[in-house]
Amino acid sequence: MSATFVGMPTFPVAAGTALADSQLRRNLAHATSTIRTKRAEVVREVDAWEQLRVAGATLKDRTLRHLDVYLEQLETALTAAGATVHWARDADEANRIVVDIARLHGTDEVVKVKSMTTAEIGLNDALEAAGIHAWETDLAELIVQLGDDLPSHILVPAIHRNRAEIREIFLREMERVGRPAPADLTDAPLELAAAARDHLREKFLRARVAVSGANFAVAETGTLAVVESEGNGRMCLTLPEVLISIVGIEKLLPTWADLDVFLQTLPRSSTGERMNPYTSLWSGVTPGDGPQQVHVVLLDNGRTDVLADTVGRQALRCIRCSACLNICPVYERTGGHSYGSVYPGPIGAILNPMMRGVGQDAQLDALPYASSLCGACFDVCPVRIDIPEVLVHLRTKVVDAHRGRRPTPQDLVMRAASWTLASSARTARSTRLAGLAARVLSRRGLRSAPGGRRVLGALPRPAAGWSGARDVPLPPAESFRSWWSRAGRDAR
Ligand code: SF4
C-alpha cells in the first residue's frame, strides 16, 4: 500500500507543520516563482488572451449544461471507432473495471500516463491489492512513487523535492523495482532524467496494458487527448496492446474545433510553453497501429453533485493547469500536502468539499477557509473560475451544515460580534472599550513590524493564538465614530 491522504490533519494543523519546514518553503518558492514568471511571459504574447479565457469558460459552461447529450454522443462515437465504453459511478466501480480488464489479459503490471483522475480514485492501491503493479512513467510521478510520497502539485507532483533529494531516492529505490540508478549518479538534471529514462524503458517495452486519463474528450469525433512534456505518455498510449483511459465526465468538449481554444490556453497556463511538446489524440482502435483494445471509463465520483450546485459548478470547467496553485500565496507557503488531497491549492479547496460533501469531515470543512480571498487565482485561471466566489459560497454551506451542533470558540466569537454589530450603541461602546484596552496593552510594550511600523505585542489569552501570527496595529488616537460626531458638532 502506498502513502495515502486518508486521515490527514485539518489544513491549519498541516499548514503549521509545513510552515516550520524551511527547506520545503525554499523548494516551493523557487519552483512556483519560476513557473509563474514563464507563464506571465507567454501569456503576455497573446493579445486575445482575455477573449480566449471567455471562450474557454463559455464552451465549458455550454458543455456542462448539456452534459447528458454530449456524454451519449461521445459513447456513440467511441463505440463506432472500436472502443469499449464503461460507466463508473464512483472510485470503487472505476477501479474494479480496470482490475478486471488487467486480469482478463493475464498481466501483473500496467504502465501509467500521469493522471490526476487515477490518483483521485486511488487506482494504484486498488491494482496493488489485486496483485498488479502500476508503474508511474511521468518523471515527477515516478519520484513520488519511488519515494513512497504523496503528490503536492497538480502538474509537478514532486515540487516539494529538490535535486539532491531526488538523487537519493533514485539511488535507494530504483533497484528495488527494476533497473538500478547508476552508482555514480549526481544531482545534475540531465543525469537524473537519463536514469529515469533507462529505468522506465524496460517497463514500456514489457507492459501489455497501459492506463491513462485524458485532458479532453471530444464528443463529436470520440477523440481523447493527452498533453504532456516528456513523451512517456506517447509511449504508454502507443506501445501496449491494451489501453484503458479513465476520463472524468467534465472533460468533454462538443467539437474537434473546440480544442483550438484549450490547446492554446492550457500549455501557457501550466508549463509556460506556447504548445505542449507532445499532444496525443486517438479515437478508438486503428487495426495494426497502436493498442488493439481501447477501453474508456467515464467517471462520475461526485462530479454530478458539483454540477447540481449552481454556484460551484463552474469548478467543473477546470482544465488542471495549476496556474492557481503557482500564484497562490497560501499554497506557496504551505505546499500541497496541507490540503490533504490529490487536488491541492485553490482549486482543491473548492473541488474536494464539493465532490465529497461538506458537514461530515473536519478536514474537508476546513478547506474553504484555506484562502485569503485575494483573487489572484481568478485572475490567472484560463477558464475564469471565480474561486473566491465559490470559497465564500462553501463557507456558507459549512456554517449551515454545522448549525445546531456544539458551538466552537470561533462560533462564539462570531455570535458576540454579530450581537455587537447589530446595534449602533453597542458598536460604539465596544469601539471605545477596544481603544481603551489597546492603550493599556501598548503600555506593556510595542514591537517593530516589517516596514518599520510599531505594532502591539502579543495579545493575552484567548486572543494570543490570533495575534501570534498577525501584526496588531496600534489603535488611532481617536476612533472614526468619535471624530465624526465631533466634526458634526464643530460644523454646527
Ligand atoms: S482552477 Fe483554473 S487556474 Fe486552477 S487548475 Fe483549474 S483551470 Fe487552472
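Let's start with a kink. Helix α9 bends by about 30°, and the bend is centred on leucine 171. Keep in mind that this is a predicted model. So what does the kink do to the end-to-end span of α9? The 15 residues of α9, 163 to 177, should span 21 Å at 1.5 Å a residue, and the end C-alpha atoms are 21 Å apart, so the two agree.

Which residues of α9 are buried? There are Ile166, Ile169, Phe170 and Met174. They pack on two neighbours: α8, residues 139–146, and α10, residues 189–206.

Now look at the end of that helix. Right after α9 comes glycine 178, with a positive phi of about 160°. Glycine 178 sits in the loop between α9 and α10. Buried or exposed? Glycine 178 counts as partly exposed, because it has 16 C-beta neighbours inside 10 Å. Leaving aside residues up to four places away in sequence, glycine 178 touches His199, Glu202 and Lys203. Leucine 200 is 22 residues from glycine 178 along the chain, and their C-alpha atoms are separated by 8.4 Å.

Take leucine 200 as a reference point and go to arginine 453. These two are 253 residues apart in sequence and 56 Å apart in space, C-alpha to C-alpha. Arginine 453 is in the loop between strands β11, 446–448, and β12, 454–456. It counts as exposed, because it has 12 C-beta neighbours inside 10 Å.

That brings up the domains. The domain assignment gives domain 1 as 11–303 and domain 2 as 409–491. How far apart are the C-alpha centres of domain 1 and domain 2? They lie 50 Å apart.

Back to the loop on the other side of α9. Aspartate 148 lies between α8 and α9. Its phi is near 45°, which is a positive value in a residue other than glycine. Aspartate 148 counts as exposed, because there are 11 C-beta neighbours inside 10 Å.

Arginine 320 is another case. Its phi is also positive, near 55°, and again the residue is not a glycine. You will find arginine 320 in the loop between α13 and α14. Arginine 320 is partly exposed, because 19 other C-beta atoms lie within 10 Å; 20 would make it buried.

Next, the ligand. Which residues come nearest to the ligand? Out of 14 residues around it, those are Cys318, Cys321, Cys324, Ile347 and Cys381. By class, the shell has 11 nonpolar residues, 2 polar and 1 charged.

Ile347 leads us to another helix. Ile347 is one of the buried residues of α16. Helix α16 runs from 345 to 356, which is 12 residues. From first C-alpha to last, α16 reaches 16 Å, close to the 16 Å expected at 1.5 Å a residue. How many residues of α16 are buried? 11 of the 12 are, so α16 is largely enclosed by the rest of the structure. Among them are Gly345, Pro346, Gly348, Asn352 and Met355.

What do those buried residues of α16 pack against? The list is α13 (303–307), α14 (323–327), α15 (329–334), α17 (362–366), α18 (376–380) and α19 (387–402). After α16 comes glycine 357, with a positive phi near 95°.

Last stop: helix α2. It covers residues 22–44, 23 in number. Its first and last C-alpha atoms are 33 Å apart, close to the 33 Å expected at 1.5 Å a residue. The buried residues in α2 are Leu24, Asn27, Leu28, Thr32, Ile35 and Arg39. Note that an arginine, Arg39, is on that list. The buried residues of α2 pack against α1 (11–19), α12 (259–270), α14 and α15. Both α14 and α15 also came up as packing partners for α16.

Glutamate 41 is in α2 too. Buried or exposed? Glutamate 41 counts as exposed, because there are 11 C-beta neighbours inside 10 Å. Now pair glutamate 41 with arginine 268. They are 227 residues apart along the chain, yet their C-alpha atoms are separated by 9.0 Å.

One thing to take back to the structure: α9 carries a kink of about 30° at leucine 171, and its end-to-end span still agrees with the expected 21 Å. That's it from me.

Definitions and conventions. Residues numbered from 1 in each chain as written. Predicted model: local features only at pLDDT ≥ 70, side-chain atom pairs only at ≥ 80, totals over all residues. Domains from an automatic or database assignment. Near = placed C-beta within 6 Å. Nonpolar A, V, L, I, M, F, W, Y, C, P; charged D, E, K, R; others polar. Helix = DSSP H or I, 4+ residues; strand = E, 2+ residues; numbered from the N terminus. Expected span 1.5 Å × (residues − 1). Bend = angle between axes of the 7 residues up to and from the residue. Contact = placed C-beta atoms within 7 Å.
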